[in-house]
Structures are given as C-alpha cells and as structure tokens.
Amino acid sequence: MVSTRNHPSNFPPPDDSPSKAVPTRPNSSSDHQWVHTPTALTILWLLVSLPFVVWDTGYVVGRPHTMPGGKWHQPLYTPYALYGEVDYVYGWPAYEAGDGFTMAQSSMNVLETLCYLGYLFIFWKYGEGQCTYAAGQRRSIGGGWGGLACLFGYSVSLLTFSKTVLYALNEHFSDYHYVGHNTASRLYFLWIVPNGFWIVLPAYMMYAFGTDILQGLSVAGDDQSSKPAKLTKPGAIPFSKNNTPAKEE
C-alpha cells in the first residue's frame, strides 16, 4: 500500500508586521479640505459697487421723476443731470424715444444685486474666521456652501462683465448714437473710465472665482498634477510632485 505524505492540517497565520504590510496611498482629498477665500479687492469692490448699482437702478426705475425737473431729482439724483447730458441713454432723448434698453439693463441690475447679496450672505453666515484683511486675517468658507458661494460669485461676475460689454458694443454698433456728441476728453473721463470699472473688476473676479472652482474640482478628483491644482492661493492646499500634501517649511 502506497503511503502519502503528511501535511499540516492548518496553514501558518499571515505575517501582519508593519514591515511587510502592503503600502496604501494616502487619501489627500479626505484628509484635506478645499476652502474659498475671497480676495480683499473682491470684498472692497462689492461693498463699493452694490450701493452704487442700487442708486443707479432707482434712478432708471423712477424716471421721469428722478430726472432734472422731477420731484425726486434733488438732492439724491442731482449728479444724473450731468451724466444724462453725457450719455443720452440716461437722459431725455432715450426716454422720450421710448428706448427700452435702459430699463432692460436696469432689470439685469436687480438680478445682479440679488446674486451678489446671496454670495455675501452665504460667505458671512457659513464662513469661518475673521475678515480683517488689514491685520492679515482672512475669512474662508469650505464644503458645499463654499462651492455654492463660488458658483454665485463666478456667475454674477460673468453677468456684470457681459452686460457692460454689451452696453458698450450696442453703442458702438449704433454709430455712437447716444454718446457721439461728446468731445474726446469728456467721453473718456465721464463715460469710458466709469464704465470700464464694471468690465475690469468683474473680469478679475471671474478669474479669482474660476481659479477657486478649478482648485476645488482638482482636489475632489485627487488630481494634484494639473495646472489648476498648482494655482494655489492663501487657503488652498499645496501639493508636491508625488501627489502627497507638501510639508510646510
């Protein structure tokens, strides 16, 4: 009779020592959080521009009572006596012609203002930290509320930028119907420069909000090698080349 070899009934337990454990990749996305930190220029521009836009919308909606000779013109809307002579869109020629563009763009001002106020409300209610930029302390907001705040900020900045560019292009392709009567210096200082603020600053805010959105998507997708992920700003998470969080020096 042929005999068989004897085998142990039980296999030895696996070696779970730390030196032989299978290395795992750290989940940098879960260990670190993306946050949105608005720049000082963004906050300053919103605090300056929002009251002005509300004032401007009140003038347009209140016409003709807010125009020269109207019962609401003085003292609140006195400066529009001059501006209405520079830009007839705000003066008597456009109003008497029944031009609806003035009221149309002011209607967009209402939506623009509500969205900016929504952004500021979310930022101040759900953000963390102090907002004393002069002392170097900056308030930030992360998570879903941070993403919503960035979405509000980017969308309304694009709205402001596009509306102002459309305003200028409409005048250009109308052969400067409402501003062509001005001298070059008067046109530059009283029309181009004031309206230019509503192009340059929203374009800057589009870049700032867009950069934060791309950073958040890069961190959420665990992609630290792409260019958006490297565009770090205060509050963002820097990564090293080996896809691990960089050590602070």
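**First stop: Asp 56**

Select Asp 56 and show what lies around this residue. Setting aside neighbours within four places in sequence, Asp 56 is in contact with Tyr 80, Tyr 90, Gln 105, Ser 106 and Asn 109. Keep in mind as you look that this is a predicted model. Asp 56 sits in helix 2, which covers residues 40-61. Is Asp 56 buried or exposed? Its relative accessible area is 8%, so Asp 56 counts as buried. Now pick Tyr 80 as well: this residue is 24 residues from Asp 56 in sequence, and the two C-alpha atoms are 9.2 Å apart in space.

**Zoom out: the whole chain**

Switch to a cartoon view. The protein chain has 8 helices and 2 strands. Starting at the N terminus, the elements follow the order α-β-α-α-α-α-β-α-α-α. Of the 249 residues in the chain, 35% count as buried. If you turn on a surface, you are looking at about 15,400 Å² of accessible area, and 64% of that belongs to carbon and sulfur atoms. Contacts also link distant parts of the sequence: among those between residues at least 6 apart, 70% join residues at least 24 apart.

**Colour by confidence**

Next, colour the chain by pLDDT. The average is 83, and 73% of the residues score at least 70. Where does pLDDT stay under 50? One such stretch is residues 19-31, for which the model has 13 contacts beyond four places in sequence. Another is residues 232-249, with 30 such contacts. Where pLDDT is low, the predicted coordinates should not be read in detail.

**Into the largest nonpolar core**

Select Trp 45, Leu 46, Tyr 116, Tyr 119, Leu 120, Met 205 and Phe 209. The largest nonpolar core has 20 residues, and these are the ones that touch the most other members. Helix 2, helix 5, helix 6 and helix 7 (184-220) each give two or more residues to this core. Which helix gives the most to this core? Helix 5 does, with 6 residues.

A second core, separate from this one, has 15 residues. To find that second core, select Met 67, Tyr 83, Tyr 90 and Ala 94, which are among its members.

Then return to Met 205. Beyond four places in sequence, Met 205 is in contact with Thr 42, Trp 45, Leu 46, Tyr 116, Ser 157 and Gly 210. Follow that list to Thr 42, which is found in helix 2. With a relative accessible area of 2%, Thr 42 is buried. Its own contacts, again leaving out neighbours within four places, are Tyr 204, Met 205 and Phe 209.

**The salt bridge**

How many salt bridges does the structure hold? There is 1. Select Lys 163 and Glu 112 and show their side chains, which meet in this bridge at 2.7 Å, N to O. Lys 163 belongs to helix 6 and Glu 112 to helix 5, so the pair ties together parts that are 51 residues apart in sequence. Both of these residues are buried.

**A nonpolar patch on the surface**

Turn the surface back on and select Phe 121, Tyr 126, Trp 145, Leu 148 and Leu 151. They form a nonpolar patch, with about 480 Å² of accessible area together. Helix 5 (101-126) and helix 6 (143-172) each supply at least two of the patch residues, and helix 6 has the largest share, with 3. One to click on is Leu 151, which lies in helix 6. This leucine is partly exposed, with a relative accessible area of 48%.

**Last stop: the loops**

Select Pro 64 and Pro 75. Pro 64 is in the loop between helix 2 and helix 3 (80-86), and Pro 75 is found in the loop between helix 2 and helix 3 too. The peptide bond from Arg 63 to Pro 64 is cis, with omega near 5°. The bond from Gln 74 to Pro 75 is also cis, with omega near -5°.

Finally, go to Asp 175, found in the loop between helix 6 and helix 7. Asp 175 is not a glycine, yet its phi is positive, near 60°. At 67% relative accessible area, Asp 175 is exposed. Tyr 176, found in the loop between helix 6 and helix 7, has a positive phi of about 50°. Tyr 176 counts as partly exposed, at 34% relative accessibility.

Terms used
Residues are numbered from 1 along each chain as its sequence is written. This is a predicted model: local features need pLDDT of at least 70, side-chain atom pairs count only at pLDDT 80 or more; totals for chains, interfaces and linings use all residues. Side-chain values use heavy atoms; hydrogens and water are left out. Helices (H or I, at least four residues) and strands (E, at least two) are DSSP runs, numbered from the N terminus. Buried means under 20% relative accessible area, exposed over 50%, partly exposed in between (1.4 Å probe, protein chains only). Contact means heavy atoms within 4.5 Å. pLDDT is the predictor's confidence in each residue, from 0 to 100. Patches are made of residues with over 30% relative accessible area and no salt bridge: like charges are joined within 9 Å, nonpolar side chains (Val, Leu, Ile, Met, Phe, Trp, Tyr) within 5 Å. Accessible areas come from the Shrake-Rupley method with a 1.4 Å probe; for residues, only the protein chains shown count as cover. A salt bridge is a side-chain nitrogen of Lys or Arg within 4 Å of a carboxyl oxygen of Asp or Glu. A nonpolar core is a set of buried Ala, Val, Leu, Ile, Met, Phe, Trp, Tyr and Cys residues joined through side-chain atoms within 4.5 Å.
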